[in-house]
Amino acid sequence: MRKAVVATVLCAVPLLTGPAHAAGDLQERQALRAALQLEAGAATARQVVRPPLAALPNASSHRELTHVARSRGPQRVLVGVTRHSALPAVRRTLQRLGARPETFEPIGVLAATAPSGAALIRALRGDPRVAYVERDTELRTAADPLDSVDPLTGIKYTWAYDEVRAADALAAAGDGSRRSIAVMDTGLDTAHPEIAGRVTHTFDTETGGTGVFDRVGHGTFVTGLIAGIDGNGVGGKGVAGNTRVLAIRASLDGGFNERNLLRGIDFAIRRGADVLNMSLAGDNLHPSVARALGNAFFNDVLPVAASGNLGEHGNPLQFPAAAIGGVRGRPGIGLSVAATRPNGATPRFSTHNRFVSLAAPGAGPSGCGAGVLSALPANHASDWDDPRSCSRLVRDPS
């Protein structure tokens, strides 16, 4: 029974193609999470609950394998194993091919740059220890190019702050929260007066260092939505008040590869974040990131992701939001956030589908909405598995 439940949580595909999860399914996942944490002790910055791996015997799609196999030159890949004990052997195989694998042990994934994609597939095809091989693909920030220009609408700039009753929530929570929010984005201007004293950790996924200077500005903007200081005479104010922020730079230019997402998710878990904000989106979600998000669930980290800004461009599903948000408002393993206008309507640009959990007030892109919503559960973290905890603050577009 345990393996079946964990497979449902960690594999993204059933979340999209299968029937909607009932409330009982979430209760089973919660019970399993509690049992795993009881066995391992409470998760801390040094100890992470390691759930059993999902059963993914045929997770590599033919398209993925074909793309990798046709690559005669270097190919960035993620290799998932069927069981944790298989990691050393598969790692040695990759090393013999000339790769230098990076191990994500809690989720059973090896990241590597193979000198030859074709040689890699020949070596791993048919290996019972390998669940899948996939390309390390790229996602982009969920930002609109016109985001920096505010049209003259006659609506006050703080309408979204007022709409979610952030002031009431902050007053009830004593001007902030003991919870912490990890913002995985393009970095942060840590010297900005709007977030002075509110950043507890910084992490660059590419170097492993602490330098997170934001060359793009998107991460600084999103962090400001969450924790911008009120009453300092500078800029706006964040909806989370005096809440701790972990700044994770996973991109230098607005593009995110999946290996850096794995590093960022792992850092957020190990540093004890309560919420992980991801204002980024892509066209698909591979099993490795699905495993990492499932691992976040088992370690009491709430993933919040932007639904995307492609509503006027075919309205395609965007990930990771569509994989974590549940179906038609039912609980998932996180929150998928779209944008809404002051009248409650969904803006044309915002990606909208049955996997959107909540709509965040804000005329800007859904990436900004994710920043707003990621802050709200920080004051109600004990209720985050129930989407109704925000029902009085935001409108559900479904």
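Student: Let's fix one term before we start: contact means heavy atoms within 4.5 Å. Among contacts in the protein chain between residues at least 6 apart in sequence, what percentage join residues at least 24 apart?

Tutor: Keep in mind that this is a predicted model. The protein chain has 13 helices and 14 strands, and 55% of its 398 residues count as buried. Take the contacts between residues at least 6 apart in sequence, and the share joining residues at least 24 apart comes to 78%.

Student: Okay, on to the sheets. In the open sheet of 4 strands, what is the strand order?

Tutor: Build it up from the pairings. β2 and β3 pair in the antiparallel sense over 3 bridges, β1 and β3 do so over 6 bridges, and β1 runs antiparallel to β4 with 5 bridges joining them. Put together, the open sheet reads β2-β3-β1-β4.

Student: Which strands of that sheet stand at the edges?

Tutor: Look for strands with a single partner, so that one side is left without a neighbour in the sheet. That picks out β2 (102-104) and β4. As for the twist, neighbouring strands of this sheet are turned against each other, direction ignored, by an average of 25°. So the edge strands are β2 and β4.

Student: Let me try the residue register. Which residue in β4 stands opposite Leu 78?

Tutor: Walk across the sheet pair by pair. Glu 102 stands opposite Ala 111 in β3, and Ala 112 in β3 faces Val 77. For Leu 78, the residue opposite in β4 is Glu 134.

Student: How many of the 7 residues of β1 are buried?

Tutor: First, what lies across β1? Helix α5 lies across β1, β2, β3 and β4, at about 0° to β3, while α11 lies across β1, β3 and β4 at about 110° to β4. β1 is mostly covered, and its count of buried residues is 6.

Student: Now helix α6. Within what arc do its buried residues fall, seen down the axis?

Tutor: The buried residues of α6 (residues 117-124) are Gly 117, Ala 118, Leu 120, Ile 121 and Leu 124. Seen down the helix axis, they line one face of α6, so the number to quote is the arc they fall within: 160°.

Student: And which residue takes a positive phi just after α6?

Tutor: Start with the surroundings. The cover over the buried residues of α6 includes α4 (62-69), β1 (75-81), α5 (87-96), β3 (109-114) and β4 (130-135). Just past the helix there's a phi of about 85°, and it belongs to Gly 126.

Student: There's an open sheet of 3 strands too. Which strands stand at its edges?

Tutor: This one has antiparallel pairing and the order β9-β5-β11. Each edge strand has a single partner, so one side of it lacks a neighbour in the sheet; these are β9 (255-257) and β11 (280-281).

Student: At about what angle does helix α10 run to β9?

Tutor: β9 pairs with β5 (residues 138-141) in the antiparallel sense over 3 bridges, with Leu 139 opposite Phe 256 in β9. Helix α10 (residues 258-270) lies across β5, β9 and β11, and its angle to β9 is about 80°.

Student: How about aromatics: how many aromatic pairs does a search of the whole structure find, and which one is edge-to-face?

Tutor: The search turns up 2. Phe 203 and Phe 267 make a stacked pair, 4.4 Å centre to centre with 5° between the planes. That pair bridges strand β7 (residues 199-204) and helix α10, 64 residues apart in the chain. The edge-to-face pair, with 5.5 Å between centres and 90° between planes, is Phe 297 and Phe 298.

Student: Last one. Which element supplies the largest share of the largest nonpolar core?

Tutor: The largest nonpolar core has 44 residues, with Met 184, Leu 262, Ile 265 and Leu 276 making the most contacts inside it. Elements supplying at least two residues each include β6 (176-185), β8 (242-249), α10 and β10 (275-278). The largest share is 7 residues, and it comes from α11.

Methods:
Residues are numbered from 1 along each chain as its sequence is written. This is a predicted model: local features need pLDDT of at least 70, side-chain atom pairs count only at pLDDT 80 or more; totals for chains, interfaces and linings use all residues. Side-chain values use heavy atoms; hydrogens and water are left out. Two strands pair if DSSP finds at least two bridges between them. Axes are lines fitted to C-alpha atoms, for helices over the stretch in contact, and angles run from 0 to 180 degrees between N-to-C directions. Buried means under 20% relative accessible area, exposed over 50%, partly exposed in between (1.4 Å probe, protein chains only). The arc is that of the directions from the helix axis to the C-beta atoms. Rings of Phe, Tyr and Trp (its six-membered ring) pair if their centres lie within 6.5 Å; planes under 30 degrees apart count as stacked, over 60 as edge-to-face and the rest as tilted. A nonpolar core is a set of buried Ala, Val, Leu, Ile, Met, Phe, Trp, Tyr and Cys residues joined through side-chain atoms within 4.5 Å.
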